[in-house]
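Hi everyone, thanks for making time. I'd like to walk you through a structure that may be new to you, so just follow along on the screen.

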Amino acid sequence: MNARASAQHYRQTAINSAVLDASPHRLVALMLAGVRERLNLAQACIEVGDVARKGQAISEASMIIGQLDGSLDHKAGGDIAAGLASLYDYAQRRLLEGNLHNDSSKLKEVDGLFADIQEAWLAIDPERAK
């Protein structure tokens, strides 16, 4: 196993451990961070012309956004859940446009939206209230 594969395996093991031990709040925080990491990777791939890796990173970000959307409780969440669902739909459309046109500005826009969501989510961490 080469050094890159070893590093990837170590990273994946660390992620799996973090997920298994995480509270529901922490899981959402990890997902939000994952979206942002993949968007930043996709932007870097656009800059260097790595079209295949860009597409993979955007696809992974889109998948996580879909999981976040699917986890919304519209009954309990009311207007907030509806607003997030609309935001997630908008983000998905912008990612598609960014991918099709190699437009990093659309990816930056979505990253900015998720930065705001991430900041708000981390601010309501129930562990911090203890």
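Before we start, one bit of vocabulary: when I call a residue exposed, I mean over 50% relative accessible area, while buried means under 20% and partly exposed is in between. And please keep in mind that this is a predicted model.

Okay, the overall picture. The protein has 5 helices and 0 strands, so reading along the sequence you get the pattern α-α-α-α-α. Of its 130 residues, 25% count as buried. If you take the contacts with a separation of 6 or more, 61% of them come from residues 24 or more positions apart. On the outside, the protein exposes about 8200 Å², and carbon and sulfur atoms supply 56% of that.

Let's spend some time on helix H5, residues 104–123. Its 20 residues should span 28 Å at 1.5 Å a residue, and that agrees with the model, because the end C-alpha atoms of H5 are 28 Å apart.

So which residues of H5 are buried? They are Lys 106, Leu 107, Val 110, Asp 111, Phe 114, Ile 117 and Gln 118. Look down the axis of H5 and these buried residues fall within an arc of 130 degrees, so they line one face of the helix. If that spacing looks familiar, here's the reason: an α-helix has 3.6 residues a turn, so residues three or four places apart point the same way. Now turn to the face of H5 that points away from the buried side, and you'll find the exposed residues Asp 116, Glu 119 and Ala 123.

What covers the buried residues of H5? The cover includes helix H2 (24–48), helix H3 (51–70) and H4. One example from the H2 side is Gln 43, which lies in that helix. Gln 43 counts as buried because its relative accessibility is 9%. Leaving aside residues up to four places away in sequence, Gln 43 touches Ser 104, Leu 107, Lys 108 and Asp 111.

Next, the nonpolar core. The largest one has 21 residues, and those with the most contacts inside it are Val 35, Leu 95 and Phe 114. H2, H3, H4 and H5 each supply at least two residues of this core, with H3 giving the most, 6 residues. Zoom in on Leu 95: again not counting residues up to four places away in sequence, Leu 95 touches Leu 39, Ile 58, Ala 61, Ser 62, Ile 65, Leu 107 and Val 110.

Phe 114 has another story. The count of aromatic pairs comes to 1. The rings of Tyr 88 and Phe 114 have their centres 5.9 Å apart and their planes at 15 degrees, so this pair is stacked; the cut-off for that is under 30 degrees. The pair links distant parts of the chain, with Tyr 88 in helix H4 and Phe 114 in helix H5, 26 residues apart. Both Tyr 88 and Phe 114 are buried.

Last stop: Asn 102. You'll find Asn 102 in the loop between helix H4 (74–101) and helix H5 (104–123). Most residues other than glycine have a negative phi. Asn 102 has a positive phi of about 50 degrees although it is not a glycine. Is Asn 102 buried, exposed or partly exposed? At 39% relative accessibility, Asn 102 counts as partly exposed.

That's my tour, and I'm happy to take questions.

How values were computed: Residues are numbered from 1 along each chain as its sequence is written. This is a predicted model: local features need pLDDT of at least 70, side-chain atom pairs count only at pLDDT 80 or more; totals for chains, interfaces and linings use all residues. Side-chain values use heavy atoms; hydrogens and water are left out. Helices (H or I, at least four residues) and strands (E, at least two) are DSSP runs, numbered from the N terminus. Buried means under 20% relative accessible area, exposed over 50%, partly exposed in between (1.4 Å probe, protein chains only). The expected span of a helix is 1.5 Å times one less than its number of residues. The arc is that of the directions from the helix axis to the C-beta atoms. Contact means heavy atoms within 4.5 Å. Rings of Phe, Tyr and Trp (its six-membered ring) pair if their centres lie within 6.5 Å; planes under 30 degrees apart count as stacked, over 60 as edge-to-face and the rest as tilted. A nonpolar core is a set of buried Ala, Val, Leu, Ile, Met, Phe, Trp, Tyr and Cys residues joined through side-chain atoms within 4.5 Å. Accessible areas come from the Shrake-Rupley method with a 1.4 Å probe; for residues, only the protein chains shown count as cover.
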